[in-house]
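Trainee: Please take a close look at the aromatic pairs here. Where do the rings sit, and how are they arranged?

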Amino acid sequence: MHRHVQSSSVELFNEWKLGKKNEDPALIFRVIDGTIQLVPFPSKTEVNLSWEDFVKVLSKMEACWALKGFQYQTKTGGSRSKLVMIQWIPETATGKEKITYTMWSKNIKNALNGIHSA
C-alpha cells in the first residue's frame with residue numbers, strides 16, 4: 001500500500017488553510033485505494049460551523065481524519081486560531097479500519113503542515 005497523502009489533496013488543503021478555498025467548514029480525509037484522499041464535506045452548511053454541529057456531522061461518518069479551524073481568545077484578550085486534526089474512528093469501524101487509520105496517522109500529520117492533532 002502507498003500510505004501517502006494524494007498530492008492534489010495536499011494542494012487543496014494548503015489553499016483551504018490559507019483561506020483561498022474556504023467554502024467548506026472542515027476538511028475530511030479518508031483512505032481510498034491505498035492513499036489518503038480529501039473527500040467532500042458531507043454537509044453543505046455555513047463555513048462557521050459550531051463545534052456542536054461539527055460533532056453531529058462527525059458522529060454520522062465512517063472512519064476519517066477531520067480538520068477544522070477554531071478561533072479562540074487568550075487570557076489576555078488576544079484573538080487566536082488553531083487548525084485541529086481529529087482522528088475519527090467510530091465504534092462501528094471494522095478492526096481493519098481501526099488499524100489502518102491508527103497506522104497512517106503519522107503520514108497525514110507529516111504531509112499537512114500547520115495542524116495540531118487531537
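**Aromatic pairs**

Mentor: Start with Trp65, which counts as buried at 0% relative accessibility. This is a predicted model. The ring partner of Trp65 is Tyr101, buried as well, with a relative accessible area of 2%. The two ring centres are 4.6 Å apart and the planes of Trp65 and Tyr101 meet at 45°, so the pair is tilted. Distant parts of the chain are linked by this pair. Trp65 belongs to strand β4 (residues 64-73). Tyr101 belongs to helix α3 (residues 95-111), and 36 residues separate the two.

In total, the structure holds 2 aromatic pairs. The other one joins Trp51 and Phe54: tilted, with 5.7 Å centre to centre and 50° between the planes. Here both residues lie in helix α2 (residues 51-59). They are 3 residues apart, about one turn of the helix. Their exposure needs a separate look. Phe54 is buried, at a relative accessible area of 0%. Trp51 has a relative accessible area of 40%, so Trp51 is partly exposed.

Now the setting. The protein chain has 3 helices and 6 strands. Along the sequence they follow the pattern β-α-β-β-α-β-β-α-β. Of its 118 residues, 37% count as buried. Take the contacts between residues at least 6 apart in sequence: 55% of them join residues at least 24 apart. The protein chain exposes about 7,300 Å², and carbon and sulfur atoms supply 50% of that area.

Notes
Residues numbered from 1 in each chain as written. Predicted model: local features only at pLDDT ≥ 70, side-chain atom pairs only at ≥ 80, totals over all residues. Heavy atoms only, no water. Phe/Tyr/Trp six-rings, centres within 6.5 Å; stacked < 30°, edge-to-face > 60°. Helix = DSSP H or I, 4+ residues; strand = E, 2+ residues; numbered from the N terminus. Buried < 20%, exposed > 50% of the residue type's maximum accessible area, 1.4 Å probe, protein only. Contact = heavy atoms within 4.5 Å. Areas by Shrake-Rupley, 256 points an atom, 1.4 Å probe, with all protein chains shown as cover.
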